[in-house]
Amino acid sequence: MYDAAVIGAGINGSSVVYELTQAGKEVILFDGGGIAAGGSGAAGAFISPKFSKAGELKEILHDAFLYSMEFYATHFPECFTRTELLHIAKDANDAESLRLYKERTTLPLKDITSTLNESVSIDAGIVDAKRMCEALSKYAKFIKEDVETLRYEDSYWVINETFSAKEVILATGAYKPVIQEPYIELRGVWGHRIDVETATANPYSLHQFVSISPSKEGVVAIGATHNVHYHPQNATEPYNIEQGRAELLEKANRTLILENIKIVRDYMGLRSGSFDYMPLVGELVLSSETLANKDIRFKVKKPDYSEYSYYPNLYMINGSGGYGFVLAPYLAKILVEHIINDAEISKRLLPARFFARWVKKQ
Ligand SMILES: Cc1cc2nc3c(=O)[nH]c(=O)nc-3n(C[C@H](O)[C@H](O)[C@H](O)COP(=O)(O)OP(=O)(O)OC[C@H]3O[C@@H](n4cnc5c(N)ncnc54)[C@H](O)[C@@H]3O)c2cc1C
């Protein structure tokens with residue numbers, strides 16, 4: 001029997017494994033595709049704040065950016081590179097957001113030439129995505145299989161009728177959910193990244209229409225998440241790689257002319273976003289049991305989440321959108337402190353908020 005089972009070995013699942021194993025827990029990790037087989041393996045894995053005017057997501061990303069920069073540099077320097085990040089506005093709206101961001105931010109900004117479109121530059125970083133997930137999860141027992149069944153028996157979970165664990169953490173990104181609950185809806189956006197050999201040297205992480213990494217031994221990574229319609233588990237036709245490559249190169253060349261290009265490798269995967277753009281961290285509401293409770297008034301302005309029934313010892317971490325590598329260390333810490341020490345999770349992160357909204361519409 002394991003203390004905890006983590007389902008999904010992307011950056012979210014791996015970060016949770018890291019926190020749990022650091023706390024001395026015996027952990028089993030499942031992923032049928034292998035470590036970083038989903039969106040995490042495709043990511044350019046730039047560590048950046050959100051350059052926007054205001055809002056909850058910008059605030060949490062500011063805190064997570066500071067936390068994860070320190071976390072990666074301190075614990076995993078071999079999988080992390082500090083870089084200067086240059087974000088150039090892609091249109092008038094983006095320019096206005098950048099202008100306001102620069103006025104309000106407390107982060108130290110770099111001086112850059114004023115001949116560019118509105119832009120901002122800061123000290124940031126890049127993670128080696130797959131190596132980082134491997135390093136974070138190395139103290140767990142890894143099982144390369146998909147979880148098909150989860151059953152709660154007495155006081156523990158039985159997984160695929162073979163393994164057992166006291167706690168289960170779902171970190172399955174935008175792939176088919178292991179537990180179906182009507183109020184949990186995640187938006188999967190298919191992304192494509194290419195590594196290209198080029199004669200053009202680039203010293204920066206450049207973000208404009210796509211992200212371009214600094215050159216490393218003559219190779220730059222170009223990445224974007226851009227196809228909201230393609231889903232690998234539902235698609236009837238294969239993804240058009242040639243078209244994806246052409247789109248990425250065309251967009252990259254609008255920022256930086258890349259000479260003598262040879263595509264070295266493609267990476268693809270789904271990233272998962274929530275419908276209010278904030279991540280989901282915490283227990284899952286058991287909707288059938290909660291709905292059957294006649295004492296709960298659902299159509300109230302300020303719902304009391306403590307009245308709801310929850311799956312026992314079952315948690316999720318998901319919905320990080322295009323910022324999974326920025327958010328994961330920060331969110332995993334919050335979740336594991338909750339699991340072990342019962343520390344409170346902010347209401348704005350709890351999956352229960354989606355139950356409260358969904359039930360009002362029923
Ligand atoms: C092209 C691209 C570029 C990106 N660039 C950046 C960036 O620069 N910076 C950044 O911070 N973020 C970036 N992102 C977003 C980031 O990759 C995601 O937010 C992050 O990967 C989400 O991690 P995750 O662990 O939640 O999901 P995933 O990495 O998708 O992991 C979920 C895992 O669960 C597994 N799984 C699913 N179902 C089961 C099951 N039943 N049993 C067992 N395993 C299961 C899947 O195989 C998968 O490996 C990018 C994404 C893409 C696609």
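**Domain arrangement, ligand shell and local features of the predicted model**

In the domain assignment, the chain of this predicted model is divided into domain 1, comprising residues 2-38 + 132-185 + 275-361, and domain 2, comprising residues 83-125 + 188-271. The C-alpha centres of domain 1 and domain 2 lie 30 Å apart, and the contact between them takes 8 residues from domain 1 and 6 residues from domain 2. On the side of domain 1 that touches domain 2, the residues fall by class into 5 polar, 2 nonpolar and 1 charged.

With respect to the chain as a whole, 9 helices and 16 strands are found, and the C-alpha atoms fill a box of roughly 65 × 45 × 45 Å when taken along the principal axes. The radius of gyration of the chain is 21 Å, which agrees with the value near 21 Å that a compact globule of 362 residues would have. Buried residues account for 44% of the 362 residues. Of the contacts between residues at least 6 apart in sequence, 77% join residues that are at least 24 apart.

The ligand is surrounded by 45 residues, of which Gly 10, Gly 38, Gly 173, Gly 191 and Gly 324 are the closest. By class, this shell consists of 24 polar, 17 nonpolar and 4 charged residues. Both domain 1 and domain 2 contribute to the shell, with at least three residues drawn from each. Among the secondary-structure elements, helices α1 (11-22), α2 (39-42) and α8 (324-341), together with strands β10 (187-197), β13 (219-227) and β14 (262-273), each supply at least two residues of the shell, and the largest share, 4 residues, comes from β14.

Strand β10, one of the elements that contribute to the ligand shell, also contains Val 196. This residue counts as buried because 23 C-beta neighbours are found inside 10 Å, the threshold for burial being 20 or more. When residues up to four places away in sequence are not counted, Val 196 touches Val 219, Val 220, Ile 222, Leu 258, Ile 261, Lys 262, Ile 263 and Val 264. Its C-alpha atom is separated by 25 Å from that of Gly 34, a residue 162 places away along the chain.

A further set of packed elements involves strand β15 (residues 280-285), which is mostly covered, with 6 of its 6 residues buried. Strand β15 pairs with strand β16 (residues 310-318) in the antiparallel sense over 5 bridges, and within this pairing Val 281 has Ile 317 of β16 as its bridge partner. In helix α9 (residues 352-361), the buried residues include Ala 352, Arg 353, Phe 354 and Phe 355, and the buried residues of this helix pack against β15 and against α7 (287-291).

Two asparagines stand out in their backbone geometry. Most residues other than glycine have a negative phi, yet a positive phi of about 50° is found for Asn 160 and also for Asn 313. Asn 160 is placed in the loop between β8 (156-159) and β9 (163-170), whereas Asn 313 lies in strand β16, the antiparallel partner of β15. Asn 160 counts as partly exposed because it has 15 C-beta neighbours inside 10 Å, and Asn 313, with 17 other C-beta atoms within 10 Å, is likewise partly exposed; this class lies between the limits of 12 or fewer for exposed residues and 20 or more for buried ones.

How values were computed. Residues are numbered from 1 along each chain as its sequence is written. This is a predicted model: local features need pLDDT of at least 70, side-chain atom pairs count only at pLDDT 80 or more; totals for chains, interfaces and linings use all residues. A residue is near a molecule or strand if its C-beta atom, placed from the backbone, lies within 6 Å of it. Ala, Val, Leu, Ile, Met, Phe, Trp, Tyr, Cys and Pro count as nonpolar, Asp, Glu, Lys and Arg as charged, and the others, Gly among them, as polar. Domain bounds come from an automatic or database domain assignment. Two residues are in contact if their C-beta atoms, placed from the backbone, lie within 7 Å. Two strands pair if DSSP finds at least two bridges between them. The radius of gyration is taken over C-alpha atoms; the globule rule is 2.2 Å times the number of residues to the power 0.38.
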